[in-house]
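This briefing introduces a structure to a reader who has not met it before. Please view the sequence and the model first, and then read the notes below.

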Amino acid sequence: MSSIKIGWIGLGKMGNPMSQHLINAGYPVAVFNRSKEKEDALKAKGAERVSSPSNLIQQSDVIIIMVSDDKAIYDIFSGAEGLLRAGVTGKIIINMSTVSSAISKEMALLCNQQGNHYLDAPVSGSVKQAEGAQLVVMVGGEKPVYEQVKEVLDHLGKLTLYVGETGAGNATKLAVNSLIGFYAQGLSEAVIFANQNQIRTEDLLTVINNSALANVFTKFKGDAILNDNFEPAFYLKHIVKDLGLARDQGLTTPLADTAYHSFLEAEKTMAEDDMISIFRHLSQSK
Ligand code: NA7
């Protein structure tokens with residue numbers, strides 16, 4: 001049983017299972033989500049519901065945020081009932097959302113001016129890894145602050161790694177997610193090419209999954225292609241966001257440019273599907 005009081009903001013597909021791990025680990029957890037019905041599952045597990053980010057930070061030692069994008073972060077920090085309105089000091093705010101390094105630097109500065117601390121701590125892994133506490137957490141910010149909360153983050157994943165100053169966690173995450181975008185498009189193009197040459201998808205995937213290229217991603221996303229299952233584990237709109245953030249931060253290489261434009265095109269009709277829907281998009285447009 002830990003005495004660190006946790007305030008959790010953002011109970012979407014990732015935040016919901018992640019916050020439950022902290023309740024299971026014995027932390028007192030209070031929650032806030034913009035759409036109130038998503039708080040029900042956490043309340044049933046023993047979490048307290050709080051009406052605003054501002055109220056949440058007043059009663060918490062550590063605030064953890066898992067929301068969609070930079071816009072959501074602005075709202076949560078600077079909105080009328082945002083974290084920065086509370087006038088408290090000595091709090092640690094951990095932003096686990098995939099956002100730009102720029103917004104982390106901006107929010108860290110505002111937090112520091114108030115006597116609070118900010119860490120960017122995005123995660124690698126999707127809903128399945130969140131549910132199984134198998135995420136990889138990459139952390140940027142002041143190292144002594146990180147060391148104070150490492151025990152909390154360790155409950156969410158299999159690895160927590162400090163990677164540098166504020167924004168370094170975000171930059172690491174954008175590098176990783178860009179590679180995921182390349183993998184998804186590469187796998188899709190390989191399947192399309194094999195099919196054009198009368199090779200069955202199943203056979204190609206069996207070869208890939210027994211080769212040096214085998215990994216969890218090609219296994220799960222290969223199965224999704226094979227079973228025509230595009231239920232979202234990782235929304236396609238989120239990979240578009242990540243490729244766009246990486247692009248804004250300087251990733252404009254040939255592969256990144258191609259992947260960004262393919263996913264951007266796919267987003268027009270498949271935003272709410274899984275990111276491996278890029279396969280359907282490329283199949284339709286070939
Ligand atoms: P989801 O399931 O789309 O959940 C997004 C969460 O972000 C959800 O709690 C949203 O609240 C919240 N959100 C979005 N916009 C806002 C604003 N403007 N203000 C407050 N809260 C907001 O995403 P995932 O859980 O899959 O992913 C979360 C992150 O991990 C993301 O950065 C991914 O790239 C990786 P809502 O319930 O809609 O009211």
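Strand 8 (residues 135-140) and strand 9 (residues 157-164) form a parallel pair, joined over six bridges. The model in which this pairing appears is a predicted one. The notes that follow begin with the strands and then turn to the ligand, around which 20 residues are placed.

**Strand pairs and crossovers**

- Within the pairing of strand 8 with strand 9, Leu135 is found opposite Gly157 of strand 9.
- Helix 7 (residues 143-153) joins with strand 8 and strand 9 in a β-α-β unit, and this unit is right-handed.
- Strand 5 (residues 92-95) also pairs in the parallel sense, its partner being strand 6 (residues 117-120), with four bridges.
- Asn95 has Asp120, in strand 6, as its bridge partner.
- A right-handed β-α-β unit is likewise made by strand 5, helix 5 (residues 101-113) and strand 6.

**Residues around the ligand**

- Of the 20 residues that surround the ligand, the closest are Met14, Asn33, Ser35, Lys38 and Asp75.
- Sorted by class, the shell around the ligand contains seven nonpolar, eight polar and five charged residues.
- Both domain 1 (6-164) and domain 2 (172-285) contribute to the shell around the ligand, with at least three residues from each.

**Contacts and cover of the ligand**

- The side chain of Ser35 has an N or O atom 2.5 Å from an oxygen atom of the ligand.
- For Lys38, the corresponding distance from a side-chain N or O atom to an oxygen atom of the ligand is 2.7 Å.
- Val67 approaches through its backbone, where an N or O atom lies 3.0 Å from an oxygen atom of the ligand.
- On its own the ligand has 790 Å² of accessible area, and the protein covers 88% of this area.

**Elements that supply the shell**

- Two or more residues of the shell around the ligand come from helix 4 (70-78), and this also holds for helix 11 (236-248).
- Which element gives the most to the shell around the ligand? Helix 4 does, with three residues.

Definitions and conventions
Residues are numbered from 1 along each chain as its sequence is written. This is a predicted model: local features need pLDDT of at least 70, side-chain atom pairs count only at pLDDT 80 or more; totals for chains, interfaces and linings use all residues. Side-chain values use heavy atoms; hydrogens and water are left out. A residue is near a molecule or strand if one of its heavy atoms lies within 4 Å of it. A polar contact is a pair of N or O atoms within 3.5 Å; within protein, one must be able to donate a hydrogen and the other to accept it, and residues adjacent in sequence count only if both atoms are side-chain atoms. Accessible areas come from the Shrake-Rupley method with a 1.4 Å probe; for residues, only the protein chains shown count as cover. Ala, Val, Leu, Ile, Met, Phe, Trp, Tyr, Cys and Pro count as nonpolar, Asp, Glu, Lys and Arg as charged, and the others, Gly among them, as polar. Domain bounds come from an automatic or database domain assignment. Two strands pair if DSSP finds at least two bridges between them. A crossover is right-handed if, with the strands pointing away from the viewer, the path from the first strand over the helix to the second runs clockwise.
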